[in-house]
Amino acid sequence: MTAPLVAIRHVSKTFSGHRALQDVSLDVLPGKVVCLIGGSGSGKTTLLRCVNQLTRPDTGGIWLDGELLGVRQAGDKLHRLTDREIARQRLKTGMVFQRFNLFPHMTALGNVMEGLVQVQKRGRALAEAEAQALLARVGLAEKAGNYPAQLSGGQQQRVAIARALAMKPKLMLFDEPTSALDPELVGEVLAVMRELARSGMTMIVVTHELAFAREVADHVVFMDRATIVEQGSAEQVLTAPRERRTQDFLSAVLG
Amino acid sequence: MMDARPGLAPGFPDISAIPVARRTYYGRWFAAAVIILVLLALARAFAHGQIAWGVVGTFLTVPVILTGLVNTLVMSVLAMALGTVLGVVAAVMRLSPNPVLSGSSAFYVWLFRGTPVILQLLLWFNLALVFPTIGIPGIWSGRAVDIMTPFLSALLGLGINQGAYTSEIVRAGILSVDAGQHEAAQAIGMGRIATLRRIILPQAMRVVIPPLGNEFISMIKTTSLASVIQYPEILHNAENIYYANSRVIELLIVAGFWYLVVVSILSPLQHLLERRFARGAQVHGR
Ligand SMILES: Nc1ncnc2c1ncn2[C@@H]1O[C@H](COP(=O)(O)OP(=O)(O)OP(=O)(O)O)[C@@H](O)[C@H]1O
Ligand SMILES: [Mg+2]
C-alpha cells in the first residue's frame, strides 16, 4: 500500500465551546483528488485550514509527506514549531480561497511572482519568466499586467491558483473555489482544476459542485456536524450513499 | 390635459410641458448681505488701524524670516519622518502577539499623548539639569548642555510626540486590511515581517495617507512651539524682529502669510501621494 501524502489522525478543534472538528481521521494518497462535501458549518473549511496550519488543531496530528505538522515530538512531550519552521512546512501546500484573496496592490504577474521573489529568493528575471509561464498555464498570459480589480472573478481565481502553484506545492487545497463566482465563470476555474488533477497533483477540494466531484474526485468525503459521516469513491458516496445523513444532504442539494 | 391612453387611471395629467418656477433663496441673500457688512467693517478697521502694510512687504522676504521659514520646514519634515518611523514601529509592536512588545507600545502612546507637547519640548531642552552627561556607558558620552541643542530638543520632542499619534493612525490602517490578506501571504510561506512589509503596510498606507497628511499640516504649525526653546523657526525669528522694532502685528502677519503659503502648497502634494497608494484599488473597467 502506498504511503498517504496526507494523514489526518484524531483531529479535534473547538472554537470557544463550539465543536468544529470532532476526532477526524483521513488519508489522502499521492496523486489523488479528494472532494469534501457537507452542509454549512460542518467543519470542511476548518479541516482544510488545519492542513495548511492557518488553524491549529486542539488535539490530534496531521502528517504531510511523512512530516508531522506544527509540532515535534521530543521524549514524552510535543513542542510547537517556530513560525519559520511552520512557514517552511506550508510551502508544501498551496491554498486557494473562496474569496481569492489576491494582493490588490499588485498586478496578476506581481501576485504570482511575490512568493518566488520573497520566499524562494528567485532573481526577478527568473521569477518573472516562471510567473508568466504559470499565468499562461491558467490561460491568462495576456492579463499579466492587470490589477485584480481589473479582472473578472473567474480570472482572479485562476491567478490565485497560479500564485499557489508557483511555490511548487505537493498538495493543493481548494476551499469552495467557485462559490463566490457568477455561474457563467465557474466553468473556466473548474477547467483549470481539472487540468491540474490530470497532471497528477494531489488535491483536497471543498466544493458544492457535485458534478465536478463526480467527474474528478477519486475519493469523496461527506462531513456533518464536525465529523466524517461517510467516505468512498465518488460513485459510491454520490450515487449510492449508505448513510441517512448523506442521503438527506444530497437530496437537499440536488433538489 | 387628460391622458387619453386606454388602461391608465384618469386624474393624473402629463405635467412635462409645465415649466418649473425659479425659487427665491431669501436665506442666501440674507447671508450674503451679512457677510458683506462684516467684510466692510473689517476693511474699515484695518484701513483705520495702524497696520503699516509697507513694513509687512519689506519683512516678507528678509533673510531672517526666510531662514526661519527654512528651519520650520526642515524641522517639520524631520520631526514628521521620525514620527512616522516611530509610529509604524509602535503600531506593529502594538499588534504583536508578544505581550511585552504590545505593552511597551501602549505605554509609549499613553505617556506621550498624555502630556502637552510644549512640556515635552521643555523637558528635552532642560535634560542637562538632571543628567549632566548623557551617552552610551563605556562607548561614548558628552555633556547634555552641548548635545541637547534647540534643534535636537525640538526634533526629539516633536518627533517622539508625533510618533505616538502616528502609531494610532497606522494601527487603524493595518486593522483595515482584510484578514484574508494575512492568510494568503502565510499560505505562500511568507513570514511575519515580509507579510507586513510587502502586503499589509502598502495596503494600510491607502487608509493612512490622508490623516497623515493632516498631521503633517498640523506639524508645520506645531513647530512654532519650539520657539520657547530657542529653535530659530519662523515665528521665533519674527518675534525677535518685533522685540527690536515693535512692529508686532506686521511681523505676525508676515509669519502667518508664510504658514498659509506652505500649507496651500502641501494639499495638492498630499493628493498626489494618495493617488500613488491607491494603485490597484479603484481602477476602472471590469
Ligand atoms: N475562527 C472561528 N471562530 C469561531 N468559530 C468558528 C471559526 N471558524 C469556524 N467556526 C465555527 O466552526 C464551525 C465549522 O466551520 P467551518 O467554517 O469549518 O464550516 P464549513 O463546513 O466550511 O461551512 P461552510 O460550508 O459554510 O463554509 C462552524 O460552526 C463555525 O461557525
Ligand atoms: Mg467553509
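Is A:F100 buried or exposed? At 9% relative accessibility, A:F100 counts as buried, because the cut-off for a buried residue is under 20% relative accessible area. The structure discussed here is a predicted model.

## Backbone at A:F100 and A:A226

A:F100 is found in the loop that runs between β8 (93-96) and α3 of chain A. Although A:F100 is not a glycine, it has a positive phi of about 65°. Most residues other than glycine have a negative phi.

A second case is A:A226, located in the loop between β11 (219-224) and β12 (227-232) of chain A. A:A226 is not a glycine either, and its phi is positive, at about 75°. With a relative accessibility of 2%, A:A226 counts as buried.

## The surroundings of ligand 1

Ligand 1 is surrounded by residues of chain A, among them A:F15, A:A20, A:G39, A:S40, A:G41, A:S42, A:G43 and A:E176. Three side chains may be described by their polar atoms. In A:H18, an N or O atom of the side chain is 2.8 Å from an oxygen atom of ligand 1. A polar side-chain atom of A:T45 lies 2.5 Å from an oxygen atom of the ligand, and for A:T46 the distance from a side-chain N or O atom to a ligand oxygen is 2.5 Å. Taken alone, ligand 1 exposes 630 Å², of which the protein buries 61%.

Two elements of chain A, β2 (18-28) and α1 (44-51), give two or more residues to the shell around the ligand. The largest share, 3 residues, comes from α1(A). This helix is largely enclosed by the rest of the structure, because 7 of its 8 residues are buried. The buried residues are A:K44, A:T46, A:L47, A:L48, A:R49, A:C50 and A:V51. Just after α1(A), A:Q53 takes a positive phi of about 60°.

## An enclosed helix in chain A

How many of the 11 residues of helix α3 (residues 108-118) of chain A are buried? The count is 11 of the 11, so the helix is largely enclosed by the rest of the structure. Its buried residues include A:A108, A:L109, A:N111, A:M113, A:E114 and A:Q118.

The buried residues of α3(A) pack against elements from both chains: α4 (124-137) and α5 (153-165) of chain A, together with α9 (192-222) of chain B.

## Salt bridges

Over all chains, a search of the whole structure finds 21 salt bridges. One of them joins A:R88 to A:E67, with the closest N and O atoms 3.1 Å apart. This pair links distant parts of the chain, 21 residues apart: A:R88 lies in helix α2 (residues 83-90) and A:E67 in strand β5 (residues 67-68), both of chain A. A:R88 counts as partly exposed at 46% relative accessibility, and A:E67 is partly exposed, with a relative accessible area of 23%. Also in chain A, the side chains of A:E195 and A:R137 meet in a salt bridge of 3.4 Å, N to O. A:E195 belongs to helix α6 (residues 183-198) and A:R137 to helix α4, with their positions 58 residues apart in the chain.

In chain B, B:E168 forms a salt bridge with B:R94, and their closest N and O atoms are 3.8 Å apart. This pair connects helix α7, which holds B:E168, with helix α3 (residues 63-94), which holds B:R94; the two residues are 74 residues apart. B:E168 counts as partly exposed at 21% relative accessibility, and B:R94 counts as partly exposed at 30%. Salt bridges that share partners join A:D65, A:E67, A:R88, A:K92 and A:K170 into one network.

## Surface and interior of chain B

A nonpolar patch on the surface is formed by B:F30, B:V34, B:I35, B:V38, B:L39, B:L42, B:F46 and B:W53, which together have about 810 Å² of accessible area. Helix α1 (residues 26-48) of chain B supplies the largest share, 7 residues. B:L39 lies in this helix and is exposed, with a relative accessible area of 51%.

B:Q162, in helix α7 (residues 150-175) of chain B, is buried, with a relative accessible area of 6%. Leaving aside residues up to four places away in sequence, B:Q162 touches B:M80, B:G83, B:E215 and B:M219.

Terms used:
Residues are numbered from 1 along each chain as its sequence is written. Chains are lettered from A and ligands numbered from 1 in the order in which they are written. This is a predicted model: local features need pLDDT of at least 70, side-chain atom pairs count only at pLDDT 80 or more; totals for chains, interfaces and linings use all residues. Side-chain values use heavy atoms; hydrogens and water are left out. Patches are made of residues with over 30% relative accessible area and no salt bridge: like charges are joined within 9 Å, nonpolar side chains (Val, Leu, Ile, Met, Phe, Trp, Tyr) within 5 Å. Accessible areas come from the Shrake-Rupley method with a 1.4 Å probe; for residues, only the protein chains shown count as cover. A salt bridge is a side-chain nitrogen of Lys or Arg within 4 Å of a carboxyl oxygen of Asp or Glu. Helices (H or I, at least four residues) and strands (E, at least two) are DSSP runs, numbered from the N terminus. Buried means under 20% relative accessible area, exposed over 50%, partly exposed in between (1.4 Å probe, protein chains only). Contact means heavy atoms within 4.5 Å. A residue is near a molecule or strand if one of its heavy atoms lies within 4 Å of it. A polar contact is a pair of N or O atoms within 3.5 Å; within protein, one must be able to donate a hydrogen and the other to accept it, and residues adjacent in sequence count only if both atoms are side-chain atoms.
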